[in-house]
Amino acid sequence: MNRRRLIFGAATASFLLPVAVVAAEPIKIGSFLSVTGPASFLGDPEKRTLELYVEKINAAGGVLGRKIELVIYDDGGDANNARTFATRLVESDKVVAVVGGTTTATTMAAIPVLEDAQIPFISLAGGIEIVEPVKPFTFKTPHTDRMACEKIFEDVKKRGFTKVGMISSTAGFGASMRNQCLKVAPERGIQIVADERYAPGDTDTTPQLNKIKASGAEVIVNADFGQGPAIVTRNVRQLGLDLPLYQSHGVASKSFIDLAGPAAEGVRLPAAAMLVAEQLPDDDPQKKVVLDYKTTYESTQKQPVSTFGGHAYDGLMLLVRAIEKAGSTDGVKIRDALRATKGFVGTGGVVNMSPTDHMGLDLSAFRMLEIRNGNWKLLY
Amino acid sequence: MVELVQLLFAGLTTGAVYALVALGFTLIFQASEVVNFAQGEFVMLGGMVTVFAMKAGLPLPLAALLAVLVAVATGLLLHRLAIEPAKGATVVTLIIVTIGASILIRGLAQIVFDKQFHALPAFTGDEPIRLLGAAILPQSLWVLGGAAAIVLGLWLFMERTLLGKAVRATAANRLAAELVGIDTRVVLALAFAVSAAIGAVGGILVTPITLTSYAVGTLLALKGFAAAMLGGIGNPVGAVVGGLLLGLLESFAAGWISSTYKDGVAFLVILLVLFALPQGLLGRRAVERV
């Protein structure tokens with residue numbers, strides 16, 4: 001079993017024993033993350049972030065005068081494992097809340113278990129189905145792909161265009177975002193004039209782009225992450241298409257610019273504030289939070305910060321805040337406090353929850369970026 | 001017309017890679033009747049080793065040479081450590097051995113290199129060439145030219161050298177080849193080495209267009225195998241024809257029918273061809289030689 005148990009509370013407590021009063025038991029917070037497997041690029045920074053900040057919180061005296069004990073399991077990206085570990089967190093570890101669920105699949109598998117046990121659960125995955133319809137004990141921190149579509153369409157309209165040619169991958173993220181984009185397009189006054197697909201691993205999208213060109217599209221929107229967007233971007237330039245190209249938040253990492261090379265110039269995308277932390281204006285509410293997290297993470301972990309670790313930071317901080325507000329570790333009370341969250345500034349945006357909104361982010365959480373001179377440029 | 005030329009070149013470029021993978025399949029199949037599913041990993045090694053050697057400061061030609069050598073060494077090790085000890089096992093067992101080997105190579109590449117995608121600079125610039133209104137990357141011409149050179153070189157080797165004739169003799173009848181004094185073990189090792197080299201060169205040529213990562217081999221092996229089947233497994237000309245045809249099918253299906261179902265369309269055509277000609281387009285009539 002790849003079971004991992006990290007008892008920071010105990011470790012820290014043993015140092016502090018002579019001074020601290022050892023009365024209160026630690027508060028157990030559970031997590032299941034895809035630390036290994038295909039989603040490890042998400043799960044690994046999430047795990048590092050949780051460990052790092054639980055240690056910090058404990059060093060500063062813990063929550064409600066009690067230490068936090070973090071129990072992390074690695075589900076390897078497998079939804080079945082996620083469900084098993086969720087059950088174990090509830091039944092044997094008896095955690096008060098869960099912050100985890102790297103992918104939408106692992107999250108969805110664990111939701112029934114945690115809902116049954118009335119354990120507050122803050123997911124770190126993107127899919128909108130996690131919080132729609134609202135489930136009493138399930139929350140999430142990352143932006144959804146629907147918001148990415150809305151942000152893109154908002155910018156498209158702003159530039160005076162209405163005809164969009166979509167090109168998306170047939171795999172998970174691309175397919176889901178495509179569906180959301182098709183759904184919100186009419187509401188935003190956008191006409192989808194082409195809807196092309198390519199399979200993961202495809203190395204040439206010029207046939208699809210040719211069709212988009214012929215469809216009379218004014219802009220191209222590409223929904224995918226990884227290698228696909230880099231190839232689409234290169235192909236657009238190869239064909240000499242003079243249409244603005246939008247990518248999704250799925251490519252919001254430096255490796256996209258490296259892979260797409262000079263073809264990436266002028267590409268626009270919606271992304272979290274983290275990517276342009278230094279460029280945020282000083283009066284931006286998120287600037288301090290994002291910069292603090294970035295410096296803390298990069299100085300301790302010796303690797304560049306990612307938005308994914310930020311989701312875990314937001315989840316943990318939301319939970320800690322809710323436990324403090326509730327003054328209790330009772331599941332229902334924590335849930336009520338989470339729901340009442342207003343004006344929490346996280347790395348993903350300013351969070352305002354309500355009984356009907358368990359994510360609490362609006363479009364302002366996404367920034368519109370453009371790639372200029374091989375770097376991100378914050379537009380607004 | 002513009003669209004036709006564009007689709008044609010897109011299909012030929014993709015197809016040239018499939019053709020090289022299919023050629024690798026064919027060579028090893030001829031010498032041993034083993035379908036080597038680790039063939040895609042040679043393509044991956046070609047690209048990945050070149051990328052990392054260039055990052056370490058080597059110029060492109062040296063990095064490419066190193067990549068081919070690494071792939072050839074891997075091919076020889078695969079033969080020596082996995083195929084040779086299993087001598088006498090059934091063909092199915094040997095095929096499973098190669099699948100295992102491909103998983104191992106992929107896993108090692110993931111650890112030795114990393115899990116990210118990487119690009120190589122195009123050999124002669126990124127500025128597209130205009131041909132009848134269509135935009136073609138100079139690198140596509142490298143891929144097509146490189147593939148043509150490999151096919152020609154292989155043909156000369158098979159037809160004009162003693163060693164090549166030994167390979168063909170082994171393919172025709174292994175026992176008879178042994179009886180006339182051909183060391184079929186050497187021939188088989190040679191087939192693995194040449195297959196690996198062909199795959200690696202293919203990987204180096206296409207990486208500037210397609211990008212590469214530790215995992216690109218799986219899909220290429222699948223497509224290359226389909227191409228080999230389409231052309232008639234065991235026939236080098238068939239491998240090239242099958243590869244190019246598969247690339248063109250995908251490209252025209254995406255351009256003219258539906259990009260969502262382009263792989264479906266391509267595989268449907270393959271199925272129909274195999275229903276009509278079970279031995280593939282240019283395959284030999286089924287000969288019982290188990």
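In this predicted model, strand β3 of chain A (residues 97-100) pairs with strand β4 of chain A (residues 121-123) in the parallel sense, over three bridges. If you want to find that pairing on screen, look for Val98(A), which stands opposite Phe121(A) in β4(A). Strand β3(A) also pairs with strand β1 of chain A (residues 27-33), again in the parallel sense, this time over two bridges. There, Ile29(A) stands opposite Ala97(A) in β3(A).

Which residues cover the two faces of β3(A)? On one side sit Ala97(A) and Val99(A), on the other Val98(A) and Gly100(A), and all of them are buried. So Ala97(A), which you just met opposite Ile29(A), is one of the buried residues of this strand because a residue is counted as buried once 20 or more other C-beta atoms lie within 10 Å of its own.

Now step back to the whole sheet. Strands of a sheet pair through backbone hydrogen bonds, either parallel or antiparallel. In chain A, five strands form an open sheet in the order β2-β1-β3-β4-β5, and the pairing is parallel. The edges are taken by β2(A) (68-74) and β5(A) (138-140), each of which pairs on one side only. From one strand to the next, the twist averages 20°. Moving from β3(A) through β1(A) to the edge strand β2(A), you find seven bridges joining β1(A) to β2(A), which run parallel. Gly30(A) has Val71(A) in β2(A) as its bridge partner. A helix also lies across this sheet: α11 of chain A (residues 307-326) crosses β1, β3 and β4 of chain A and runs at about 165° to β3(A).

From the sheet, let us move to where the two chains meet. The contact draws 24 residues from chain A and 24 residues from chain B. On the chain A side, the elements that give two or more residues are β7 (191-198), α7 (206-214), α8 (227-238) and α9 (254-260). The largest share, five residues, comes from α7(A). By class, this side of chain A divides into eight nonpolar, twelve polar and four charged residues.

Tyr198(A) is a handy residue to click on here, and it is found in strand β7 of chain A. Is Tyr198(A) buried or exposed? Tyr198(A) counts as buried because it has 28 C-beta neighbours inside 10 Å. Leaving out residues up to four places away in sequence, Tyr198(A) touches Ile167(A), Ser169(A), Thr205(A), Gln208(A) and Gly228(A), and also Ser259(B) from the other chain. Phe225(A) lies 27 residues from Tyr198(A) along the chain, and their C-alpha atoms are separated by 12 Å.

Chain B offers two helix pairs to look at. Two packed helices are described by the angle between their axes and the distance between the axes. In the first pair, helix α2 (residues 39-55) and helix α3 (residues 60-83) of chain B have axes that come within 8 Å and cross at roughly 140°. The two helices, α2(B) and α3(B), are therefore oblique to each other. Their crossing is right-handed. Among the residues that meet are Phe42(B), Leu45(B) and Val49(B) from α2(B), and Leu60(B), Ala63(B) and Ala67(B) from α3(B). Taken by class, this contact has 13 nonpolar, four polar and no charged residues.

Helix α2(B) also holds Met48(B). Met48(B) is buried because it has 27 other C-beta atoms within 10 Å. Not counting residues up to four places away in sequence, Met48(B) touches Ala109(B), Phe113(B), Thr212(B) and Tyr214(B). By contrast, the C-alpha atoms of Met48(B) and Thr26(B), 22 residues apart along the chain, are separated by 24 Å.

The second pair is helix α9 (residues 216-231) with helix α11 (residues 262-276) of chain B, which pack at an angle of about 30° with their axes 10 Å apart. That angle is why α9(B) and α11(B) are roughly parallel to each other. Their crossing is left-handed. Ala226(B), Met229(B) and Leu230(B) make the contact from α9(B), with Phe267(B), Ile270(B), Val273(B) and Leu274(B) from α11(B). The contact of α9(B) with α11(B) has seven nonpolar residues, no polar and no charged ones.

Notes. Residues numbered from 1 in each chain as written. Chains lettered and ligands numbered in written order. Predicted model: local features only at pLDDT ≥ 70, side-chain atom pairs only at ≥ 80, totals over all residues. Contact = placed C-beta atoms within 7 Å. Helix = DSSP H or I, 4+ residues; strand = E, 2+ residues; numbered from the N terminus. Nonpolar A, V, L, I, M, F, W, Y, C, P; charged D, E, K, R; others polar. Axes fitted to C-alpha atoms, helices over the stretch in contact; angles between N-to-C directions. Parallel < 35°, antiparallel > 145°, perpendicular 65-115°, else oblique. Left-handed = near helix turned anticlockwise from the far one by under 90°. Buried ≥ 20, exposed ≤ 12 C-beta atoms within 10 Å, placed from the backbone. Pairing = 2+ DSSP bridges.
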